[in-house]
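Hi everyone, thanks for coming. I've got one structure to walk you through today, so let's put it up on the screen.

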2 protein chains.
Amino acid sequence: MSTHEPEAGRFVYKYPHPAVASDLAIFGLRGGRLMILLIRRGGEPFLGSWALPGGFLNPTEDLDACARRELQEETGLEVAYLKQFGIFSAPDRDPRERVISVAYLALVPADRVNPEAGSDAADVAWRFVDDLPPLAFDHAEIIREATAALRREAEGLEILLNLMPRRFTLSRLQSAYEAICGASADKRNFRARILASGLVEATEEMERGSHRPAQLYERRPKVLNGE
Amino acid sequence: MSTHEPEAGRFVYKYPHPAVASDLAIFGLRGGRLMILLIRRGGEPFLGSWALPGGFLNPTEDLDACARRELQEETGLEVAYLKQFGIFSAPDRDPRERVISVAYLALVPADRVNPEAGSDAADVAWRFVDDLPPLAFDHAEIIREATAALRREAEGLEILLNLMPRRFTLSRLQSAYEAICGASADKRNFRARILASGLVEATEEMERGSHRPAQLYERRPKVLNGE
DNA sequence: CCAAAAGTGTTACTCGTACACCCATGT
DNA sequence: ACATGGGTGTACGAGTAACACTTTTGG
(Lines give C-alpha, C1' and ligand atoms only; values in the text may rest on other atoms or scores of the structure.)
Protein backbone atom coordinates (compact mmCIF):
# COMPACT_ATOMS: atom_id res chain seq x y z
CA MET A 1 0.00 0.00 0.00
CA SER A 2 2.92 2.31 0.44
CA THR A 3 6.44 2.52 -0.82
CA HIS A 4 8.15 4.03 2.17
CA GLU A 5 10.98 2.15 3.73
CA PRO A 6 9.10 -0.60 5.47
CA GLU A 7 11.18 -0.82 8.63
CA ALA A 8 8.29 0.65 10.58
CA GLY A 9 9.89 3.76 11.94
CA ARG A 10 7.79 5.73 14.34
CA PHE A 11 7.06 9.26 13.38
CA VAL A 12 5.93 11.48 16.19
CA TYR A 13 4.24 14.86 15.91
CA LYS A 14 2.92 17.31 18.38
CA TYR A 15 -0.33 17.72 16.46
CA PRO A 16 -2.26 15.20 14.41
CA HIS A 17 -1.18 15.05 10.78
CA PRO A 18 -3.20 13.54 7.98
CA ALA A 19 -1.68 11.16 5.50
CA VAL A 20 -1.48 12.64 2.02
CA ALA A 21 -1.95 10.61 -1.12
CA SER A 22 -2.48 11.16 -4.80
CA ASP A 23 -5.17 9.32 -6.72
CA LEU A 24 -5.18 9.04 -10.47
CA ALA A 25 -8.11 9.22 -12.84
CA ILE A 26 -6.49 7.73 -15.92
CA PHE A 27 -8.60 7.99 -19.04
CA GLY A 28 -8.24 6.29 -22.38
CA LEU A 29 -10.35 5.43 -25.39
CA ARG A 30 -11.35 2.06 -26.67
CA GLY A 31 -13.74 1.56 -29.55
CA GLY A 32 -14.64 5.22 -29.41
CA ARG A 33 -15.76 4.99 -25.80
CA LEU A 34 -14.21 6.68 -22.82
CA MET A 35 -12.62 4.34 -20.34
CA ILE A 36 -10.96 4.71 -16.99
CA LEU A 37 -8.29 2.56 -15.43
CA LEU A 38 -9.20 0.89 -12.16
CA ILE A 39 -7.34 -1.45 -9.86
CA ARG A 40 -8.74 -4.09 -7.64
CA ARG A 41 -7.71 -3.52 -4.08
CA GLY A 42 -5.44 -6.17 -2.57
CA GLY A 43 -5.83 -5.09 1.06
CA GLU A 44 -8.26 -3.82 3.63
CA PRO A 45 -10.31 -1.75 3.72
CA PHE A 46 -12.45 -2.40 0.66
CA LEU A 47 -10.50 -5.57 -0.12
CA GLY A 48 -11.46 -6.73 -3.59
CA SER A 49 -13.25 -3.49 -4.46
CA TRP A 50 -12.35 -1.47 -7.49
CA ALA A 51 -10.54 1.78 -6.88
CA LEU A 52 -8.45 4.43 -8.52
CA PRO A 53 -4.73 3.81 -8.60
CA GLY A 54 -2.81 6.00 -6.21
CA GLY A 55 -0.68 6.01 -3.13
CA PHE A 56 0.96 7.95 -0.39
CA LEU A 57 3.26 10.88 -0.73
CA ASN A 58 6.93 10.22 -0.01
CA PRO A 59 8.91 12.63 2.15
CA THR A 60 11.25 13.73 -0.64
CA GLU A 61 8.85 14.21 -3.53
CA ASP A 62 6.21 16.77 -4.30
CA LEU A 63 2.70 15.81 -5.31
CA ASP A 64 3.32 15.82 -9.05
CA ALA A 65 6.24 13.47 -8.58
CA CYS A 66 4.11 11.29 -6.37
CA ALA A 67 1.43 11.04 -9.03
CA ARG A 68 4.00 10.17 -11.70
CA ARG A 69 5.60 7.56 -9.51
CA GLU A 70 2.32 5.89 -8.59
CA LEU A 71 1.34 5.87 -12.21
CA GLN A 72 4.52 4.04 -13.06
CA GLU A 73 4.41 1.61 -10.15
CA GLU A 74 0.78 0.67 -10.41
CA THR A 75 0.19 0.69 -14.12
CA GLY A 76 3.48 0.98 -16.00
CA LEU A 77 1.71 3.32 -18.42
CA GLU A 78 3.24 6.22 -20.22
CA VAL A 79 0.79 9.08 -20.12
CA ALA A 80 0.66 12.06 -22.39
CA TYR A 81 -0.97 14.36 -19.87
CA LEU A 82 -1.00 14.60 -16.11
CA LYS A 83 -2.61 17.38 -14.13
CA GLN A 84 -3.95 17.92 -10.67
CA PHE A 85 -7.64 18.76 -10.65
CA GLY A 86 -9.02 18.50 -7.14
CA ILE A 87 -8.55 17.71 -3.49
CA PHE A 88 -10.69 15.46 -1.38
CA SER A 89 -10.39 16.07 2.30
CA ALA A 90 -13.50 14.93 4.11
CA PRO A 91 -12.26 13.88 7.56
CA ASP A 92 -13.72 10.39 7.37
CA ARG A 93 -13.16 9.49 3.75
CA ASP A 94 -10.75 6.72 4.76
CA PRO A 95 -11.74 4.51 7.70
CA ARG A 96 -8.15 3.71 8.74
CA GLU A 97 -6.88 7.18 9.40
CA ARG A 98 -7.27 10.57 7.95
CA VAL A 99 -6.12 10.75 4.33
CA ILE A 100 -6.15 13.82 2.13
CA SER A 101 -6.31 12.83 -1.50
CA VAL A 102 -4.95 15.02 -4.24
CA ALA A 103 -6.59 13.92 -7.45
CA TYR A 104 -4.91 13.85 -10.85
CA LEU A 105 -6.29 13.61 -14.32
CA ALA A 106 -4.16 11.52 -16.70
CA LEU A 107 -4.65 10.69 -20.35
CA VAL A 108 -3.25 7.71 -22.21
CA PRO A 109 -2.81 7.71 -25.99
CA ALA A 110 -4.89 5.06 -27.68
CA ASP A 111 -1.90 3.10 -28.92
CA ARG A 112 -0.39 2.36 -25.53
CA VAL A 113 -3.46 1.35 -23.68
CA ASN A 114 -1.94 -1.78 -22.22
CA PRO A 115 -1.58 -1.42 -18.47
CA GLU A 116 -0.47 -4.78 -17.12
CA ALA A 117 3.17 -3.91 -17.86
CA GLY A 118 4.77 -2.96 -14.56
CA SER A 119 1.84 -3.67 -12.37
CA ASP A 120 2.08 -3.49 -8.63
CA ALA A 121 -1.56 -4.02 -7.99
CA ALA A 122 -3.40 -7.32 -7.84
CA ASP A 123 -5.55 -6.50 -10.83
CA VAL A 124 -5.84 -3.64 -13.29
CA ALA A 125 -8.58 -3.09 -15.83
CA TRP A 126 -10.09 -0.54 -18.15
CA ARG A 127 -13.75 0.13 -17.48
CA PHE A 128 -16.27 2.20 -19.34
CA VAL A 129 -16.79 5.47 -17.55
CA ASP A 130 -20.53 5.24 -18.02
CA ASP A 131 -20.73 1.75 -16.55
CA LEU A 132 -18.67 1.53 -13.42
CA PRO A 133 -18.63 -1.07 -10.67
CA PRO A 134 -19.03 -0.02 -7.04
CA LEU A 135 -15.92 1.80 -5.94
CA ALA A 136 -13.88 2.08 -2.76
CA PHE A 137 -13.75 5.22 -0.62
CA ASP A 138 -15.11 8.32 -2.34
CA HIS A 139 -13.64 7.30 -5.66
CA ALA A 140 -16.98 7.45 -7.46
CA GLU A 141 -17.15 11.13 -6.55
CA ILE A 142 -13.56 11.69 -7.65
CA ILE A 143 -14.35 10.13 -11.01
CA ARG A 144 -17.40 12.32 -11.43
CA GLU A 145 -15.29 15.40 -10.89
CA ALA A 146 -12.50 14.09 -13.09
CA THR A 147 -14.94 13.49 -15.91
CA ALA A 148 -16.36 16.96 -15.51
CA ALA A 149 -12.86 18.46 -15.59
CA LEU A 150 -12.00 16.47 -18.68
CA ARG A 151 -15.17 17.58 -20.42
CA ARG A 152 -14.49 21.19 -19.60
CA GLU A 153 -11.02 20.94 -21.07
CA ALA A 154 -12.12 18.97 -24.11
CA GLU A 155 -14.06 21.99 -25.33
CA GLY A 156 -10.69 23.49 -26.21
CA LEU A 157 -9.81 20.46 -28.37
CA GLU A 158 -6.10 20.50 -27.58
CA ILE A 159 -6.34 18.07 -24.72
CA LEU A 160 -7.94 15.50 -27.02
CA LEU A 161 -4.66 15.01 -28.82
CA ASN A 162 -3.33 13.31 -25.71
CA LEU A 163 -5.84 10.53 -26.26
CA MET A 164 -4.85 9.92 -29.87
CA PRO A 165 -2.23 7.51 -31.16
CA ARG A 166 0.77 9.03 -32.92
CA ARG A 167 -1.18 9.15 -36.18
CA PHE A 168 -4.90 9.44 -36.32
CA THR A 169 -7.76 10.39 -38.58
CA LEU A 170 -9.90 13.43 -37.96
CA SER A 171 -12.87 11.12 -37.55
CA ARG A 172 -11.19 9.41 -34.63
CA LEU A 173 -10.46 12.76 -33.07
CA GLN A 174 -14.04 13.85 -33.51
CA SER A 175 -15.28 10.62 -32.05
CA ALA A 176 -13.11 11.25 -28.99
CA TYR A 177 -14.63 14.69 -28.69
CA GLU A 178 -18.10 13.27 -28.87
CA ALA A 179 -17.37 10.50 -26.39
CA ILE A 180 -16.18 13.04 -23.85
CA CYS A 181 -18.58 15.91 -24.41
CA GLY A 182 -21.65 13.80 -24.97
CA ALA A 183 -22.87 16.03 -27.77
CA SER A 184 -22.43 15.12 -31.41
CA ALA A 185 -20.62 17.64 -33.54
CA ASP A 186 -20.95 18.63 -37.16
CA LYS A 187 -18.22 17.01 -39.22
CA ARG A 188 -17.45 19.98 -41.44
CA ASN A 189 -17.36 22.45 -38.62
CA PHE A 190 -15.24 20.18 -36.51
CA ARG A 191 -12.70 19.66 -39.26
CA ALA A 192 -12.55 23.33 -40.09
CA ARG A 193 -12.02 24.18 -36.47
CA ILE A 194 -9.28 21.68 -35.78
CA LEU A 195 -7.45 22.59 -38.99
CA ALA A 196 -7.71 26.30 -38.28
CA SER A 197 -6.26 25.71 -34.82
CA GLY A 198 -2.93 24.63 -36.25
CA LEU A 199 -2.66 21.89 -33.64
CA VAL A 200 -2.33 19.07 -36.18
CA GLU A 201 -0.77 18.54 -39.56
CA ALA A 202 -1.50 16.06 -42.30
CA THR A 203 0.98 13.28 -42.96
CA GLU A 204 1.52 11.50 -46.26
CA GLU A 205 -0.01 8.37 -44.88
CA MET A 206 -3.51 7.05 -45.31
CA GLU A 207 -5.49 4.73 -43.18
CA ARG A 208 -7.32 2.03 -45.10
CA GLY A 209 -10.32 -0.09 -44.25
CA SER A 210 -13.39 -1.19 -46.06
CA HIS A 211 -14.21 2.33 -47.04
CA ARG A 212 -12.55 5.30 -48.61
CA PRO A 213 -9.00 5.79 -47.23
CA ALA A 214 -8.61 8.50 -44.63
CA GLN A 215 -5.85 11.03 -44.27
CA LEU A 216 -3.72 10.48 -41.19
CA TYR A 217 -2.75 13.49 -39.12
CA GLU A 218 -0.29 13.98 -36.32
CA ARG A 219 0.13 16.46 -33.56
CA ARG A 220 2.16 19.42 -34.69
CA PRO A 221 5.14 20.02 -32.42
CA LYS A 222 4.62 23.04 -30.18
CA VAL A 223 6.02 26.19 -31.70
CA LEU A 224 7.03 28.91 -29.31
CA ASN A 225 6.79 32.11 -31.31
CA GLY A 226 5.50 33.08 -34.72
CA GLU A 227 4.75 31.01 -37.84
CA MET B 1 0.82 29.39 14.71
CA SER B 2 -1.70 26.67 15.22
CA THR B 3 -5.08 26.48 16.77
CA HIS B 4 -5.10 22.89 17.86
CA GLU B 5 -5.55 22.11 21.50
CA PRO B 6 -2.14 23.07 22.82
CA GLU B 7 -1.73 20.31 25.40
CA ALA B 8 0.99 18.75 23.25
CA GLY B 9 -0.36 15.29 22.67
CA ARG B 10 1.95 12.91 20.90
CA PHE B 11 0.71 11.65 17.58
CA VAL B 12 2.54 8.66 16.27
CA TYR B 13 2.45 7.24 12.76
CA LYS B 14 4.17 4.39 11.06
CA TYR B 15 5.15 6.53 8.10
CA PRO B 16 6.04 10.19 7.92
CA HIS B 17 3.06 12.49 7.48
CA PRO B 18 3.23 16.06 6.30
CA ALA B 19 1.40 18.82 8.08
CA VAL B 20 -1.42 20.23 5.97
CA ALA B 21 -2.38 23.88 6.02
CA SER B 22 -4.47 26.28 4.04
CA ASP B 23 -3.18 29.67 3.01
CA LEU B 24 -5.42 32.50 1.92
CA ALA B 25 -4.88 35.00 -0.83
CA ILE B 26 -7.50 37.56 0.15
CA PHE B 27 -8.04 40.29 -2.40
CA GLY B 28 -9.84 43.57 -2.13
CA LEU B 29 -9.97 46.92 -3.84
CA ARG B 30 -9.01 50.29 -2.53
CA GLY B 31 -8.98 53.41 -4.62
CA GLY B 32 -9.40 51.30 -7.72
CA ARG B 33 -6.25 49.30 -7.02
CA LEU B 34 -6.02 45.63 -6.25
CA MET B 35 -4.82 44.84 -2.75
CA ILE B 36 -4.03 41.72 -0.85
CA LEU B 37 -4.26 41.09 2.85
CA LEU B 38 -1.02 40.16 4.60
CA ILE B 39 -0.18 39.41 8.17
CA ARG B 40 3.07 39.99 9.94
CA ARG B 41 4.40 36.79 11.41
CA GLY B 42 4.55 36.65 15.18
CA GLY B 43 6.74 33.56 15.45
CA GLU B 44 9.68 31.74 13.93
CA PRO B 45 10.54 31.07 11.23
CA PHE B 46 10.38 34.32 9.32
CA LEU B 47 9.49 36.22 12.49
CA GLY B 48 8.40 39.70 11.51
CA SER B 49 8.10 38.87 7.82
CA TRP B 50 4.90 39.43 5.92
CA ALA B 51 2.97 36.34 4.95
CA LEU B 52 -0.39 35.13 3.82
CA PRO B 53 -2.90 34.34 6.53
CA GLY B 54 -3.46 30.65 6.99
CA GLY B 55 -3.06 27.79 9.36
CA PHE B 56 -3.13 24.11 9.95
CA LEU B 57 -5.93 21.73 9.20
CA ASN B 58 -7.86 20.46 12.19
CA PRO B 59 -8.71 16.77 12.49
CA THR B 60 -12.44 17.25 12.22
CA GLU B 61 -12.72 19.77 9.40
CA ASP B 62 -12.16 19.55 5.68
CA LEU B 63 -9.98 22.01 3.82
CA ASP B 64 -12.76 24.42 2.91
CA ALA B 65 -13.79 24.61 6.53
CA CYS B 66 -10.18 25.14 7.53
CA ALA B 67 -9.87 28.05 5.11
CA ARG B 68 -13.09 29.62 6.39
CA ARG B 69 -12.01 29.21 9.98
CA GLU B 70 -8.58 30.72 9.45
CA LEU B 71 -10.15 33.58 7.59
CA GLN B 72 -12.34 34.28 10.55
CA GLU B 73 -9.67 33.82 13.19
CA GLU B 74 -6.96 35.82 11.52
CA THR B 75 -8.87 38.58 9.84
CA GLY B 76 -12.46 38.59 11.03
CA LEU B 77 -13.49 39.38 7.48
CA GLU B 78 -16.62 38.26 5.75
CA VAL B 79 -15.74 37.19 2.26
CA ALA B 80 -18.02 36.94 -0.72
CA TYR B 81 -16.00 34.28 -2.49
CA LEU B 82 -13.71 31.51 -1.37
CA LYS B 83 -12.22 28.91 -3.65
CA GLN B 84 -9.25 26.58 -3.65
CA PHE B 85 -6.90 27.28 -6.54
CA GLY B 86 -3.64 25.42 -6.00
CA ILE B 87 -1.46 23.22 -3.88
CA PHE B 88 2.10 23.86 -2.90
CA SER B 89 3.98 20.77 -1.91
CA ALA B 90 7.71 21.24 -2.40
CA PRO B 91 9.31 19.08 0.29
CA ASP B 92 11.36 21.91 1.78
CA ARG B 93 9.00 24.84 1.52
CA ASP B 94 8.81 25.09 5.29
CA PRO B 95 12.05 24.78 7.26
CA ARG B 96 10.40 23.37 10.39
CA GLU B 97 8.80 20.29 8.97
CA ARG B 98 7.08 19.28 5.85
CA VAL B 99 3.95 21.32 5.19
CA ILE B 100 1.59 20.94 2.28
CA SER B 101 -0.24 24.16 1.61
CA VAL B 102 -3.63 24.26 -0.02
CA ALA B 103 -4.10 27.74 -1.37
CA TYR B 104 -7.41 29.60 -1.44
CA LEU B 105 -8.51 32.65 -3.33
CA ALA B 106 -10.84 34.92 -1.35
CA LEU B 107 -12.55 38.16 -2.31
CA VAL B 108 -13.75 40.89 0.00
CA PRO B 109 -16.46 43.37 -1.02
CA ALA B 110 -15.22 46.92 -1.02
CA ASP B 111 -17.53 47.98 1.79
CA ARG B 112 -16.20 45.57 4.40
CA VAL B 113 -12.54 45.97 3.86
CA ASN B 114 -11.69 46.41 7.49
CA PRO B 115 -9.69 43.47 8.74
CA GLU B 116 -8.56 44.34 12.27
CA ALA B 117 -11.89 43.05 13.64
CA GLY B 118 -11.23 39.61 15.08
CA SER B 119 -7.56 39.53 14.53
CA ASP B 120 -5.45 36.71 15.82
CA ALA B 121 -2.25 37.81 14.17
CA ALA B 122 0.20 40.40 15.45
CA ASP B 123 -0.42 42.69 12.53
CA VAL B 124 -2.67 42.70 9.49
CA ALA B 125 -2.49 45.03 6.53
CA TRP B 126 -3.69 45.55 3.00
CA ARG B 127 -0.88 45.90 0.49
CA PHE B 128 -0.92 46.72 -3.19
CA VAL B 129 -0.47 43.57 -5.19
CA ASP B 130 1.96 45.28 -7.49
CA ASP B 131 4.14 46.52 -4.65
CA LEU B 132 4.71 43.78 -2.13
CA PRO B 133 7.24 43.48 0.66
CA PRO B 134 9.46 40.39 0.90
CA LEU B 135 7.36 37.43 1.93
CA ALA B 136 7.80 34.37 4.09
CA PHE B 137 8.05 30.83 2.69
CA ASP B 138 6.95 30.53 -0.94
CA HIS B 139 4.16 33.02 -0.45
CA ALA B 140 5.36 35.28 -3.24
CA GLU B 141 4.87 32.39 -5.63
CA ILE B 142 1.46 31.61 -4.18
CA ILE B 143 0.41 35.21 -4.72
CA ARG B 144 1.62 35.14 -8.31
CA GLU B 145 -0.53 32.11 -8.97
CA ALA B 146 -3.47 33.56 -7.09
CA THR B 147 -3.30 36.72 -9.13
CA ALA B 148 -3.14 34.73 -12.34
CA ALA B 149 -6.15 32.67 -11.27
CA LEU B 150 -8.07 35.81 -10.39
CA ARG B 151 -7.25 37.40 -13.72
CA ARG B 152 -8.36 34.30 -15.58
CA GLU B 153 -11.68 34.35 -13.77
CA ALA B 154 -12.16 38.08 -14.09
CA GLU B 155 -12.47 37.67 -17.85
CA GLY B 156 -15.88 36.19 -17.15
CA LEU B 157 -16.93 39.31 -15.17
CA GLU B 158 -19.09 37.46 -12.68
CA ILE B 159 -16.36 37.10 -10.09
CA LEU B 160 -15.88 40.86 -10.04
CA LEU B 161 -19.20 41.31 -8.31
CA ASN B 162 -17.66 39.79 -5.22
CA LEU B 163 -15.35 42.78 -4.98
CA MET B 164 -18.15 45.31 -5.16
CA PRO B 165 -20.10 46.84 -2.29
CA ARG B 166 -23.79 46.03 -2.17
CA ARG B 167 -24.53 48.90 -4.55
CA PHE B 168 -22.05 50.10 -7.08
CA THR B 169 -21.76 52.05 -10.28
CA LEU B 170 -20.78 50.43 -13.53
CA SER B 171 -17.70 52.63 -13.59
CA ARG B 172 -16.50 51.11 -10.34
CA LEU B 173 -17.07 47.67 -11.73
CA GLN B 174 -15.14 48.50 -14.85
CA SER B 175 -12.34 49.97 -12.82
CA ALA B 176 -12.12 46.70 -10.90
CA TYR B 177 -11.93 44.82 -14.16
CA GLU B 178 -9.13 47.03 -15.34
CA ALA B 179 -7.21 46.80 -12.09
CA ILE B 180 -7.25 43.04 -12.30
CA CYS B 181 -6.80 42.42 -16.00
CA GLY B 182 -4.33 45.20 -16.58
CA ALA B 183 -5.95 46.15 -19.86
CA SER B 184 -8.26 49.13 -20.17
CA ALA B 185 -11.69 48.39 -21.60
CA ASP B 186 -14.03 50.42 -23.74
CA LYS B 187 -16.77 51.92 -21.63
CA ARG B 188 -19.64 51.32 -24.01
CA ASN B 189 -18.64 47.76 -24.74
CA PHE B 190 -18.12 46.98 -21.09
CA ARG B 191 -21.51 48.34 -20.12
CA ALA B 192 -23.25 46.55 -22.93
CA ARG B 193 -21.61 43.31 -21.96
CA ILE B 194 -22.38 43.48 -18.27
CA LEU B 195 -25.97 44.49 -18.90
CA ALA B 196 -26.46 41.74 -21.47
CA SER B 197 -25.12 39.22 -18.96
CA GLY B 198 -28.06 39.76 -16.66
CA LEU B 199 -25.78 39.61 -13.62
CA VAL B 200 -26.76 43.01 -12.31
CA GLU B 201 -29.84 45.14 -12.13
CA ALA B 202 -30.31 48.86 -11.75
CA THR B 203 -31.65 50.21 -8.48
CA GLU B 204 -33.58 53.41 -8.01
CA GLU B 205 -30.65 54.98 -6.26
CA MET B 206 -28.05 57.31 -7.60
CA GLU B 207 -24.57 58.00 -6.44
CA ARG B 208 -23.72 61.67 -6.31
CA GLY B 209 -20.43 63.53 -6.37
CA SER B 210 -19.07 66.52 -8.15
CA HIS B 211 -20.24 65.24 -11.48
CA ARG B 212 -23.35 63.85 -13.06
CA PRO B 213 -25.05 61.34 -10.71
CA ALA B 214 -24.44 57.72 -11.52
CA GLN B 215 -26.93 54.91 -11.52
CA LEU B 216 -26.33 52.39 -8.77
CA TYR B 217 -26.61 48.72 -9.61
CA GLU B 218 -26.73 45.63 -7.49
CA ARG B 219 -26.06 41.99 -8.03
CA ARG B 220 -29.11 40.22 -9.31
CA PRO B 221 -30.00 37.25 -7.12
CA LYS B 222 -29.19 33.96 -8.82
CA VAL B 223 -32.10 32.56 -10.74
CA LEU B 224 -32.20 28.85 -11.28
CA ASN B 225 -34.19 28.43 -14.47
CA GLY B 226 -35.52 30.81 -17.03
CA GLU B 227 -36.47 34.47 -16.65
C1' DC C 1 -23.59 -2.64 -56.71
C1' DC C 2 -23.83 -2.00 -51.97
C1' DA C 3 -22.12 -0.59 -47.49
C1' DA C 4 -19.20 2.34 -44.94
C1' DA C 5 -16.84 6.18 -43.86
C1' DA C 6 -14.21 10.29 -46.05
C1' DG C 7 -14.33 14.52 -47.77
C1' DT C 8 -15.96 19.20 -49.08
C1' DG C 9 -18.42 25.20 -49.16
C1' DT C 10 -21.72 28.51 -48.40
C1' DT C 11 -24.84 31.18 -45.77
C1' DA C 12 -26.82 33.23 -41.57
C1' DC C 13 -26.13 34.76 -37.18
C1' DT C 14 -23.81 36.12 -32.99
C1' DC C 15 -20.44 38.31 -30.59
C1' DG C 16 -16.56 41.25 -29.88
C1' DT C 17 -14.47 45.54 -31.01
C1' DA C 18 -13.63 50.07 -32.57
C1' DC C 19 -15.06 54.56 -32.30
C1' DA C 20 -16.90 60.25 -30.37
C1' DC C 21 -20.02 63.10 -28.53
C1' DC C 22 -23.42 65.22 -25.26
C1' DC C 23 -25.22 65.30 -20.25
C1' DA C 24 -25.90 66.36 -15.28
C1' DT C 25 -24.00 67.82 -11.32
C1' DG C 26 -20.67 70.39 -7.86
C1' DT C 27 -17.62 74.09 -7.29
C1' DA D 1 -18.08 78.63 -16.72
C1' DC D 2 -15.56 74.73 -16.13
C1' DA D 3 -14.16 70.32 -14.44
C1' DT D 4 -15.55 65.70 -13.58
C1' DG D 5 -17.17 61.57 -14.55
C1' DG D 6 -21.91 59.54 -16.59
C1' DG D 7 -24.22 58.00 -20.28
C1' DT D 8 -25.35 56.58 -25.15
C1' DG D 9 -25.46 53.76 -30.70
C1' DT D 10 -23.65 51.96 -34.85
C1' DA D 11 -20.89 49.61 -38.21
C1' DC D 12 -17.51 46.18 -39.31
C1' DG D 13 -15.12 41.77 -38.96
C1' DA D 14 -14.34 37.26 -36.90
C1' DG D 15 -15.87 33.27 -35.49
C1' DT D 16 -19.52 29.82 -34.79
C1' DA D 17 -23.43 27.06 -36.28
C1' DA D 18 -26.53 25.12 -39.60
C1' DC D 19 -26.97 22.64 -43.58
C1' DA D 20 -26.46 17.78 -47.90
C1' DC D 21 -24.25 15.66 -51.29
C1' DT D 22 -20.32 13.31 -53.78
C1' DT D 23 -16.14 10.26 -53.42
C1' DT D 24 -13.39 6.22 -52.66
C1' DT D 25 -12.54 1.97 -51.16
C1' DG D 26 -13.59 -3.20 -49.68
C1' DG D 27 -16.53 -6.94 -49.90
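Let's start with the DNA: by class, the surface near DNA strand C has three nonpolar, seven polar and eight charged residues. "Near" here is when a residue has a heavy atom within 4 Å of the strand. As for the classes, Ala, Val, Leu, Ile, Met, Phe, Trp, Tyr, Cys and Pro count as nonpolar, Asp, Glu, Lys and Arg as charged, and the others, Gly among them, as polar.

Quick housekeeping: this is a predicted model, where local features need pLDDT of at least 70 and side-chain atom pairs count only at pLDDT 80 or more, while totals for chains, interfaces and linings use all residues. Residues are numbered from 1 along each chain as its sequence is written, chains are lettered from A and ligands numbered from 1 in the order in which they are written, and side-chain values use heavy atoms, with hydrogens and water left out.

Back to the DNA. How many residues surround DNA strand C? There are 18, and the closest are Ser171(A), Lys187(A), Arg191(A), Gln215(A) and Gly209(B). Of the strand's atoms that come within 4 Å of the protein, sugar and phosphate account for 42%.

Which element gives the most to that surface? That's strand 11 of chain A, with five residues. By the way, helices (H or I, at least four residues) and strands (E, at least two) are DSSP runs, numbered from the N terminus.

Now some polar contacts, meaning pairs of N or O atoms within 3.5 Å; within protein, one must be able to donate a hydrogen and the other to accept it, and residues adjacent in sequence count only if both atoms are side-chain atoms. Arg212(A) has a polar side-chain atom 3.4 Å from a base nitrogen of DNA strand C. Over on chain B, a side-chain N or O atom of Arg188(B) is 3.4 Å from a base nitrogen of the strand. Arg208(B) goes to the backbone instead, with a side-chain N or O atom 3.4 Å from a phosphate oxygen.

Last stop, a sheet in chain B. Three strands form an open sheet in the order 9-11-10, with antiparallel pairing; strands pair if DSSP finds at least two bridges between them. Strand 9 (167–168) and strand 10 are the edges, each pairing on one side only. Strands 10 and 11 of chain B share six bridges, and Ala202(B) has Tyr217(B), in strand 11, as its bridge partner.
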